[in-house]
Amino acid sequence: MRNSKSEQATSLETVACPECDLLQQLPELPPGGKARCARCQHTLAIRGTDPLDRPLALTLAAAIVLIVANTAPLMGLSAVGRQASTTILGGAYQMWVQGQEITALIVAFCSVIAPAVYILFMLAVLLAVRRPPAPQWVGELLRWGNSMLPWSMSEVMILGILVALIKIAELATVEPGIGMYAVGGLVVLFPAIMVSFDSQEVWKRVKWADGRVPPLPGAREEGGAEAGR
Amino acid sequence: MTAIALTAARAGLVSCETCDLLSRPASAAEPGYCPRCGAELAWRRHGSIQTTWALVVAAAICYIPANVLPVLTTNALGSSDSDTIIGGVVFLYTSGSWPLALIVLIASVMVPLGKLVALAYLLIGVQRGRGGNSHERTRLYRMVEFVGRWSMLDVFVDTFTVALVQLQPLMSVEPGAGVLFFAAVVVLTMIAAESFDPRLVWDAAASREGQHA
């Protein structure tokens, strides 16, 4: 038992690079510091100045902006005295109606579902870890939330909307709507959340699958001394 | 680097893909589960090479109809006009916005093709145990991962064009079958990039170094 405890203590500082598997010791990082893999330069650890509160604030902001982005019209069109406007889901819906159901689902997933799931799960994770030790499901949510990241494509979507606007501008008068500015907000907020957030801060606070309770971050030294005894 | 680098696998340790915790596996054949997050442990992603190959081949097949079939059909005043992806690029170029034409050309034609070639190159390198330049290969892999999402650009352009231009009976735009194949190429190559295990690149290099030593 004592053996496994000291193993745990060392495993907290020794890591294997997820991209090249090189074993290395993580140095004690100053706030705002970054550690890169000695071999492949993959970023191994980032110590944010405020790794849990700042992402929480940003995620709350992103949740509000996401709601605006999905309810307000993205852009409007007027031609020969007729008006039309569309929202993000309106775009996906129109694809569905026109017989491109699978494309509609892919568009809806990348523009609405993936960002919404990420924000929801991040909110749940960030709120839950405020009272460590957090239950096991927090880790599960974090995993699912992170897996949504490659699929949430606000920045690609806004460029797509711009190109569509310019294409249609040849045929009719188009104007950007509030929804478009909201999407622009998401383009800034998503990277801001990712940069300020540190997954390891969450893992430190989650109850282990094998029943172990992680030492509280404030009392880490005490835990270390105990392991040494 | 003269000595063979000490990887976790070489040291008999396995790092969790979910939470990055380094732990001692239950046994070499069956590493078991991560003590912290409970995820299944694996030395390397299961069937990484086969899965990635399958997805790359599927994406390459879809790439052909994606470029040949029309993505948009414009109906205006009784006449109808079909555009492929290249047609859309040409339209943007002739209508005077060549920077946008260039962006769409890169994002929808060159990036998907480049991704397929890059993934095939990485896979062949790993399978033949060619170490080559692992740094270069890792950089290539990261580029494939980073740039992949931008290919979705044309799908968004088509979606919002279709959604907005519905002024029946004067003018309307319909999506063509090409959009589906194109979206399929993007999704398949993205999953392919995720299923490829970049650690295999370094393993291949190490096994070659080991043979020389």
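In this predicted model, residues 24 or more positions apart account for 60% of the contacts in chain A that have a separation of 6 or more. For chain B, the contacts between residues at least 6 apart in sequence include 64% that join residues at least 24 apart. The two chains are set side by side below.

| Chain | Secondary structure | Residues | Buried |
|---|---|---|---|
| A | 9 helices and 7 strands | 229 residues | 35% |
| B | 7 helices and 6 strands | 213 residues | 44% |

**Chain A and its helix α2**

Helix α2 of chain A covers residues 53–71, and because 19 residues at 1.5 Å a residue should span 27 Å, the 28 Å between its end C-alpha atoms agrees with that expectation. Within α2(A), the buried residues are Pro55(A), Leu56(A), Leu58(A), Thr59(A), Ala62(A), Val65(A), Leu66(A) and Ala69(A). The cover over these buried residues includes α3, α4 and α7 of chain A, the last of which takes in residues 178–196.

**The contact between the chains**

Where chain A meets chain B, the contact takes 52 residues from chain A and 55 residues from chain B. On the side of chain A that touches chain B, at least two residues each are supplied by the strands β1 (14–16), β5 (75–79) and β6 (82–86), and likewise by the helices α3 (88–97), α4 (101–128), α5 (137–148) and α6 (154–168). The largest share of this side comes from α6(A), which gives 10 residues. By residue type, the side of chain A that touches chain B divides into 32 nonpolar, 12 polar and 8 charged residues. Two of the helices named here, α3 and α4 of chain A, are also among the elements that cover the buried residues of α2(A).

**Chain B: overall form and sheet**

From its N terminus on, chain B runs through its elements in the order β-β-α-β-β-α-α-α-α-β-β-α-α. Its C-alpha atoms fill a box of roughly 70 × 35 × 25 Å along the principal axes, and the radius of gyration of chain B is 23 Å, whereas a compact globule of 213 residues would have one near 17 Å.

Four of the strands of chain B form an open sheet with antiparallel pairing, in the order β4-β3-β6-β5. At its edges stand β4 (79–83) and β5 (166–167) of chain B, each of which pairs on one side only. Strand β3 (residues 72–76) of chain B is joined to strand β6 (residues 171–175) of chain B by 5 bridges, and these two strands run antiparallel. As one example of a bridge involving β6(B), Thr74(B) has Val173(B) as its partner.

**Chain B: the helix α3**

Helix α3 of chain B has 30 residues (98–127), and because these should span 44 Å at 1.5 Å a residue, the 41 Å between its end C-alpha atoms agrees with the expected length. The helix nevertheless has a kink of about 40° at Met110(B), which lies shortly before the proline Pro112(B). Pro112(B) is itself among the buried residues of α3(B), as are Val104(B), Ala107(B), Ser108(B) and Val111(B). Further along the helix, the buried residues include Lys115(B), Leu116(B), Leu119(B), Leu122(B), Gly125(B) and Val126(B). After α3(B) comes Gly129(B), whose phi is positive, near 65°.

Note on methods:
Residues are numbered from 1 along each chain as its sequence is written. Chains are lettered from A and ligands numbered from 1 in the order in which they are written. This is a predicted model: local features need pLDDT of at least 70, side-chain atom pairs count only at pLDDT 80 or more; totals for chains, interfaces and linings use all residues. The radius of gyration is taken over C-alpha atoms; the globule rule is 2.2 Å times the number of residues to the power 0.38. A residue is buried if 20 or more other C-beta atoms lie within 10 Å of its own, exposed if 12 or fewer, and partly exposed in between; C-beta atoms are placed from the backbone. Two residues are in contact if their C-beta atoms, placed from the backbone, lie within 7 Å. The expected span of a helix is 1.5 Å times one less than its number of residues. The bend at a residue is the angle between axes fitted to the seven residues ending there and the seven starting there. Ala, Val, Leu, Ile, Met, Phe, Trp, Tyr, Cys and Pro count as nonpolar, Asp, Glu, Lys and Arg as charged, and the others, Gly among them, as polar. Two strands pair if DSSP finds at least two bridges between them.
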